[in-house]
Amino acid sequence: MSLYQQQEIKLYNTLTRQKEVFRPLVAGKVGMYVCGPTVYQNVHLGNCRTFISFDVMYRYLKHLGYQVRYVRNITDAGHMVGDGDEGEDKVAKQARLEQVEPMEIVQQYTVGFHHVMEQFNALPPSIEPTATGHIVEQIDMTQQIVENGYGYEIDGTIYCDVNRLNELYPYGQLSGRKLEDLYSNTRELDGQDQKRNPLDFALWKKAKPEHIQKWNSPWGTGFPGWHLECSAMSQKYLGEQFDIHGGGLDLAPTHHTNEIAQSMACCGKQPAQYWLHTNMLTVNGTKMSKSLGNSFLPHELFAGSHPLLEQPYSPMTVRFFFLQAHYRSTVDFSNEALQAAEKGYRRLMAAFQLLPKLSPANSFATSSTAEDVALNALLDECYACMNDDFNTPQTIAVLFGIAAKINAYHHQQAPLGDLQSATFERLKMVFSSMIIDVLGLLDETNAADSGVTDGLMSLILEIRANARANKDWTTSDIIRNQLTALGISVKDGKEGTTWNLG
RNA sequence: GGUCGGAUGGCCGAGAGGCUAGGCAAGGCUCUGCAAAAGCUUCCACAGCGGUUCGAAUCCGCUUCCGACCUCCA
């Protein structure tokens, strides 16, 4: 029996604006699509937050035993700079600015993106398709939409007919908007004259002669509209209908709304059962965004090399910081908050390190005790919290409760022997599963651990133990102070001396 | 302007009609050669004004502030 058969997940569906019980289309399998980055610049932290949120969902679903196919695209064409249809392709523009091939831009920033996600310990998705690698699929989908009567061609560009689609289903549903509201707020933009209606959007665009990234199509030379790649690729790898579609909240009103439009126009089906949206990262209460220029690059954060940063923050500190807020809430970046997260993360990992060293003074309980019941309740709660729309902050709160238990057992402030043997095994399994497998936290505080370091530390601490036995406090304190200066903290406990980095 | 979402203790952040959030910071106690760590403990918050209710941070109105989207952004 898989864990998922014992756990009922509820998740907040943007489409219905309520929490719903998660039931995959195919029992035991989950198809998840997340809108990935446009690779024309360094990823910034807002993107990272979104991908870390979905990484935890992916990890948790896998932990529960689901077979998950996680598809996250790389946008390397068709994403426009500026307003309307006359903007320049982002990748092409960057290529022009850096005087290199578009594919060089794509390569450079894709590699950089992967590197950063690896630093954050995010698992790679199952499939990471690119827009340029799926031009044929996008042309096919456009043709199908035209055949179905929801697309029309004007001078080599194919538009999606939003008015007609709205007869089929409520077009603005995902962002809670009605078509007339959308129209009343449409701005008059240059270059939109050829569309029948301002809300119509391009499926395929005619390329100007100077355009670098372009392909042949039934309508002449052109390139796909930005929204189309996600529809075409999710359909190819996950089917016409799949379970979860995710992305940043800012994608909901336009990009995801149009993805739904394309799928409805092509297949007459809502592509995803559950739409999940992560909220924005803010700095001083304002959305962190590329265009506002208030974003830190991940490496600036890790190095502390940004005027707004008082110190470096490690990838795991940042990951932990993100997970201490729910994915649907905004998170505000500040030095104070990050420093608090850093200490909390270390506290949690210190307990994690103690866990394998625990053993009961005498023997385990053979029947139920109050302590045994209390601990089992905490372990159950970890799952209950994750099941509740992947509530990582609550889960972490429970993990801190468990950490306090572990600390108390270790310092013999509470008797480990009050647990039953099976409960102790469960404690070890659940605590490390939650921290390592589900939350994806690496034990950074032990990162420099190696045979040599361990050996040296044992030697040093043995010398110090001798000094202490002789009440040679001077030597003892010199050793401890020097180690502290090196970033190694030494803690003398009843059961001996322990050390760790940081 | 339209639509949507927020305002929680010194700070960050969960929760969502009665039941401890949690982390960080601060105070006290225990332990300790000293320290650190740890455990216990104190600090009982929900923007304002009305209303519903036996009971509201949580529901309903109004007010004030803030943000997001409506152009590109995760």
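Buried residues account for 52% of the 502 residues in chain A of this predicted model. Display the whole chain as a cartoon: the secondary structure amounts to 16 helices and 15 strands. Along the principal axes, the C-alpha trace covers about 90 × 55 × 35 Å.

**Domains**

Colour chain A by its domain assignment next. Domain 1 comprises 3–150 + 164–169 + 225–282, domain 2 comprises 345–447, and domain 3 comprises 449–501. A distance drawn between the C-alpha centres of domain 1 and domain 3 comes to 51 Å.

**Helix 2 and a contact distant in sequence**

Select residues 90–98, which form helix 2, and pick out arginine 96 within them. Arginine 96 counts as partly exposed because its relative accessibility is 48%, a value that falls between the bounds of 20% and 50%. Then add isoleucine 212 to the selection: its C-alpha lies 9.5 Å from that of arginine 96, although 116 residues separate the two in sequence.

**The hairpin of strands 5 and 6**

Move to residues 151–154 and 157–160, which are strand 5 and strand 6; four bridges pair them in the antiparallel sense. One bridge to show explicitly joins isoleucine 154 to threonine 157 in strand 6. The two strands make a hairpin with two residues between them. In the turn, select aspartate 155, whose phi is positive at about 50°.

**Lysine 195 in its loop**

Proceed to the loop that connects helix 6 (179–184) with strand 7 (201–206), where lysine 195 is found. Is lysine 195 buried or exposed? Its relative accessibility is 10%, so lysine 195 counts as buried, the cut-off being under 20%. Show the side chain of lysine 195 together with the backbone of its surroundings. A polar atom of this side chain lies 2.7 Å from the backbone oxygen of aspartate 200. The side chain of lysine 195 also reaches the backbone oxygen of proline 198, at 3.4 Å.

**Strands 9 and 10**

Select residues 242–248 and strand 10 together: the former are strand 9, and six bridges join strand 9 to strand 10 in a parallel arrangement. For one such bridge, highlight isoleucine 244 and its partner in strand 10, tyrosine 274. Colouring by accessibility is instructive here. Strand 10 spans residues 272–278 and is mostly covered, with six of its seven residues buried.

**A three-stranded open sheet**

Continue to strands 11, 12 and 13. They form an open sheet in the order 12-11-13, with mixed pairing. Which strands are at the edges of this sheet? Strand 12 (286–287) and strand 13 (331–333) are the edge strands, each pairing on one side only. Strand 11, residues 281–283, pairs with strand 12 in the antiparallel sense over two bridges. To inspect this pairing, select valine 283 and its bridge partner in strand 12, threonine 286.

**A nonpolar surface patch**

The last stop is helix 15, residues 451–469, which contains isoleucine 463. Show a molecular surface and select Val452, Leu456, Leu459 and Ile463: these residues form a nonpolar patch with about 390 Å² of accessible area together. Within the patch, isoleucine 463 has a relative accessibility of 47% and therefore counts as partly exposed.

Definitions and conventions:
Residues numbered from 1 in each chain as written. Chains lettered and ligands numbered in written order. Predicted model: local features only at pLDDT ≥ 70, side-chain atom pairs only at ≥ 80, totals over all residues. Heavy atoms only, no water. Domains from an automatic or database assignment. Patch = residues over 30% accessible without salt bridge, like charges linked within 9 Å, V, L, I, M, F, W, Y side chains within 5 Å. Areas by Shrake-Rupley, 256 points an atom, 1.4 Å probe, with all protein chains shown as cover. Salt bridge = Lys/Arg side-chain N within 4 Å of Asp/Glu carboxyl O. Buried < 20%, exposed > 50% of the residue type's maximum accessible area, 1.4 Å probe, protein only. Pairing = 2+ DSSP bridges. Polar contact = N/O pair within 3.5 Å; in protein donor to acceptor, adjacent residues only side chain to side chain.
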